[in-house]
Structures are given as structure tokens and as C-alpha cells.
Amino acid sequence: MHQGSDSWWTTAVGYQVYIRSFADSDGDGVGDLRGITEHLGYLELIGIQVVWITPFYRSPMADAGYDVSDPREVDPAFGTLQDFDELIAEAHGRGLKVIVDVVPNHTSEQHRWFRDALPTAPGSPERARYLFRDGAGDGGDAPPNNWASVFGGPAWHRVPGPDGAPGQWYLHIFAPEQPDLDWTNAEVADDLHATLRFWLDRGADGFRIDVAHGMAKPPGLPDAPEDSAAAFDQVQAAADSAAADSAAADHAAAGSDAEPGHGVVPSTVDEDPRFDDDGVHEIHRGIRKVVDEYPDAVTVGEVWVSEPERFAAYLRPDELHQAFDFSLIESEFTAAALQQAIEKTLTSAASVGASPVWTLSNHDVARPVTRFGGGERGLLRARALLLLELALPGSVYLYNGEELGLPDVEVPDDRLQDPTWERSGHTERGRDAIRLPMPWEGQEPPFGFSSGPSTWLPSPQEYAPLTVERQLDDPHSTLNLVRAAIELRAEHPAFSGSTVSWYGAPEGCFAFRRDPGGLAGVLNAGDGPVPLPPGEILLTSTPLVDGLLPVDSSALFLASAPTD
Ligand code: NOJ
């Protein structure tokens, strides 16, 4: 590994704080910076080393803060710059690193730049920061190309010209309130670099980079080979039907969990001109130069690119330090699919000497418990995979609530906030069920999340048995499993081996071994309990029964003999 092989981030356990839903310090029903500061002890207790905080910048919140109107100001809903400084000081005092989200692909429509652009004529320097284009067809009435918005509908919105008549269109790969920036304009890069330095100077330890495979667009903005809306729908339908298939088997046991398959699955369609344009790499080289001015700072990209070589290109030594590889998130729960996803991630990171980043959950995809069928079975599977993930070489990011085994819980129509709901004409519910307030303590909603009675999304009664308080007291809880796994990972020398090999496992199972050290992991996704290979058992996701590993369970052990 040449990408900082001994740097802190290559092995860290990270934790994504979805700020709106983590902890509310002032009773307004929305999580905030002080809420995070007040709960850093909890993260320390789990053994977390780095916290990723989702956007807390000034925003009209059309996409829950990913529509940024001032990237160097804190939105009043989340606190103040002083709150941020206090958070950093407190986190660093506890030995925790903090990375913040940056959103370089687009701004809010309320950003000063976009507001300045609207009253100007086509071709103005103000419009040149965005992707304004004349429409196609008679009178420019049709969008300039056939691209679709990830949230549904066309990726173009028409605005009036300076004379008030219908004028040009601007590109928005996400919501219309999120106009895409034109990265061929040097001002755009300069401004992002100023933002990076701003937060690094205030003590941030690095960045999660939003849509890191976006930004660059192919010259001339050509049509997608086939309608990209259709292509996107296929990806989403495939993901939905995978989740539905895995749910079908035991949906009866799923109790009150939401229907699986909601959420926005970002596009991984290869040949999609909206993403992964070759020009993006020059942008990453520019970002890396700035970040390298700060020793030890890290970048972790959100890169929804499925082709391993194209994914690895983002991790070359002068680009991103790390990137989320979503192969495991996209995998169904079968031994073959999971093994293949793990292998793919390991191989593509190794091809450029980078360290892998594992993740099973984030604020954009159905939670693992729900994805794997919901109910008791979904929880067993989520725990099994989480334990194995924590035993793989590289770093791991948990998403708040994953350590509690939270399921998604459907949000009533009149409380839905995700722009997908409106943009899809009320056919896609979006990601709200994934983003509900953290249940901390007590018997009644909002379970200590807020001192106020109402929260930005409902706090579901279904979370009552899953609070942090309840789980800390239960030795078999998911929270205590995660704590034990992270403690083991931090203390046991066998967790340092970087070579992974696979070895024979019973039907429906897979087993790997990490060397040097002989740490081994086995996961049973088959139909019946299986014996474990010889070795010393370190931790299991469910108790063994008569010495056998039950279905939908995993075990970590020290292999007693070399394996082939
Ligand atoms: C990816 C973020 O994770 C998602 O929540 C957001 O909607 C889009 N990027 C647009 O910024």
C-alpha cells in the first residue's frame, strides 16, 4: 500500500452523524452541532475514531442540507461557527477526528452566485458559473438534452430571460433547487479550495466529498445513449426487487418494518454521461493539492462507479485518499454475492495501493436490517455482516443507528420531506424512513433525541426497545456486539494482517482468513447450522448452538492451522 499505509485513516472506524437526526440540543426538533458535542462520549464508548458530519452549512434545506447556499457558514438550525469550534476542540481532546461533508457538484438555488446569475443575460460571467444552455426545438421549448434528475423528472429547469419571456435552461442532476456548477470555470475550483482551507484551518481533519464522481460533464453535454431516466429506473427497480426478494421469504416476521426498497439508489449505470467523466480526475488532483497542505488530513469520496478499474482511478496517489466502495451495500445476502463484493472491493483498492473503506449503510439507502428482509431475520443478517465487515482490512464507516440495529420505519405521507416524493409524482417515497431521529433513552418518542415534543421527522414508537439506554444494559444487544467487535479490532494483533485469502466453506457460507495473524471470519447464509473450522473463537454475531454456527450468523476466530 503506498497511500499513507500507516496513516490513521487507513484502519479507522468511522461513524456518520446525520446531523438532523442525531441529537437536538435546543429542543427545536432538529439535531445540531451542540447535540453532537454532548454525545461524543457515546462515540468514544463505542470505540469510534473518526466522525463524519453531514452538511451543517447555510441552506434552505430543499435536500436536507445538500443544497448549500453558503459553504463557509453554519446554518442557524445547526448552531454557530463557535459551536463547530467547540465540537472540534472537544472531539480532539478525546482523540476523535472529525471530517466534514463538502458538496462540490452543485449549490443551492439560494447561493449568492445563482441569485446573481438569474437576472443576467445568456452568456454573462454570472451564468458561466453554472450550466445554463439554450433549449432544443422551436423556441427552445425542450430541455437541452435528455438527461434525467436523480430525484425524478428532467435534469433541466427553464428560467425567464431578463425580459421576462421563457429563457434558458439550467442543469440540475439532483433537485431543481440544486443547480450544477460548471467546473470548467476556474472560479468554481478556487471557491471550493477556499472552502476546504476554511474548514481545515478551523481544525477539520478532512472531508467526505459528495458526488465525487460528478462535477465534470462531457463537453457539449451530449444526450445519454438511451434515455438516462429509463436507465436510472432500471437500476432502482433492480435494487428494489433485490430487497423485495429477500424480504418476501420472511416478510410475515418483519413486524412493523417499512416495506424494503425505498430510498434513492444513486446511479451506477456505466456509460451514464452525467457521472464519471474523465475530466473529474483533474478536479480531484486540484483538491488533493490543497488537502496535502495539511498533514494527516484525509478525503473520502462518495463514488458510485461500479466498474472496478474506473473506481480505482479515483484512488490514485494524487487524487482521493479513500472512497466508499458500495459493492457490499449493493449486494444481496448470499454467500456468493457477498464474497464477490468483498473481493471486488479488495482488488480494486489494491490495484492502486489504496486502503478499502467498508460501509453497509448511509443516509441514502435502506438500512441493512430492512434491506435483508426486516424483522428478526433482517436483524440477524445485519449483525452477521457488520461483525465480518469490522474484521476486514481497511477502514469502516457506520451510519448512526446502525450500531443499534435500527430498521427503517415508514413515514406518513404528510410528513415526507425527501424531494424524491414530490419529484416522482408521489410514487417514490425517498429516504426519510432511513433518517429518523436516534432513540437515546426512555419509553416514549422522541426517546431523548430532543427536549421538544415534535421532531423534523417522526420518532417512531417501534424504536422503544432499541434505545441506547436499553441496549447498553443488554449483553446480547447489537450495540454491545459492535462495541466488542471494535474493541477486539483495536486490541487484537491478528487484526493487522493485510492479506486476505478465501478457503473452503460449507454450502451457503463463505470464510476468509487474514494474514499474518490468522484472523478468520465465516458467515453462514445457508439453510442450516454449520460447524466452524478449527480455531479459537473470538466473537460470534449470535450464540453458537451445540457448537454450530446458526443460519444468518457470523463468527470471528483465530484459525489454528494454515488453510489452502
Ligand atoms: C449524495 C448525498 O449523500 C445525498 O444525500 C444527496 O441527496 C445527493 N448527494 C445530492 O447532494
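Which residue in β8 does R133 stand opposite? R133 faces W169 there, and we will come back to that pair below. Keep in mind as you look around that this is a predicted model. The briefing begins with the ligand and its surroundings, then walks through the strands, and ends with some backbone details worth finding on your screen.

**The ligand and its shell**

- A shell of 14 residues surrounds the ligand, and the closest are D63, D210, H363, D364 and R431.
- Sorted by character, the residues of this shell comprise seven charged, four nonpolar and three polar.
- Two domains share the job of lining the ligand: domain 1 (8–105 + 186–216 + 263–481) and domain 2 (112–184 + 220–251) each supply at least three residues of the shell.
- Try finding D364 first: an N or O atom in the side chain of D364 is 2.5 Å from an oxygen atom of the ligand.
- For the side chain of D210, an N or O atom is 2.8 Å from a ligand oxygen.
- The side chain of H106 also has an N or O atom at 3.0 Å from an oxygen of the ligand.
- On its own the ligand has 300 Å² of accessible area, and the protein covers 98% of that.

**The sheet of eight strands**

- Eight strands make up an open sheet with parallel pairing, and their order is β11-β10-β9-β5-β2-β1-β13-β12.
- At the edges stand β11 (322–324) and β12 (357–359); each has a single partner strand, so one side of each is left without a neighbour in the sheet.
- On average, neighbouring strands of this sheet are turned by 25° against each other, with direction ignored.
- The partner joined to β12 by three bridges is β13 (residues 395–399), and the two run parallel.
- To see how β12 and β13 line up, look for W358, which stands opposite V396 in β13.

**The sheet of three strands**

- A second open sheet to find has three strands in the order β6-β8-β7, and the pairing here is antiparallel.
- Its edge strands are β6 (132–133) and β7 (156–160), each with a single partner strand, so one side of each has no neighbour in the sheet.
- Strand β6 is joined by two bridges to β8 (residues 166–171), and this pair runs antiparallel.
- Here is the pair from our opening question again: R133 stands opposite W169 in β8.

**A hairpin further along the chain**

- Strands β14 (residues 499–503) and β15 pair over five bridges in the antiparallel sense.
- Within this pair, W502 stands opposite F512 in β15.
- Five residues lie between the two strands of this hairpin, and G508 in the turn has a positive phi of about 85°.

**Backbone details to look for**

- Which kind of peptide bond runs from P445 to P446, cis or trans? The bond is cis, with omega near 5°.
- You will find P446 in the loop between α14 (419–423) and α15 (468–472).
- F447 is found in the loop between α14 and α15 as well, and its phi is near 50°, a positive value in a residue other than glycine.
- Another cis peptide bond goes from D515 to P516, with omega near -5°.
- P516 has its place in the loop between β15 (509–515) and β16 (519–524).

Conventions. Residues are numbered from 1 along each chain as its sequence is written. This is a predicted model: local features need pLDDT of at least 70, side-chain atom pairs count only at pLDDT 80 or more; totals for chains, interfaces and linings use all residues. Side-chain values use heavy atoms; hydrogens and water are left out. A residue is near a molecule or strand if one of its heavy atoms lies within 4 Å of it. A polar contact is a pair of N or O atoms within 3.5 Å; within protein, one must be able to donate a hydrogen and the other to accept it, and residues adjacent in sequence count only if both atoms are side-chain atoms. Accessible areas come from the Shrake-Rupley method with a 1.4 Å probe; for residues, only the protein chains shown count as cover. Ala, Val, Leu, Ile, Met, Phe, Trp, Tyr, Cys and Pro count as nonpolar, Asp, Glu, Lys and Arg as charged, and the others, Gly among them, as polar. Domain bounds come from an automatic or database domain assignment. Two strands pair if DSSP finds at least two bridges between them. Helices (H or I, at least four residues) and strands (E, at least two) are DSSP runs, numbered from the N terminus. Axes are lines fitted to C-alpha atoms, for helices over the stretch in contact, and angles run from 0 to 180 degrees between N-to-C directions.
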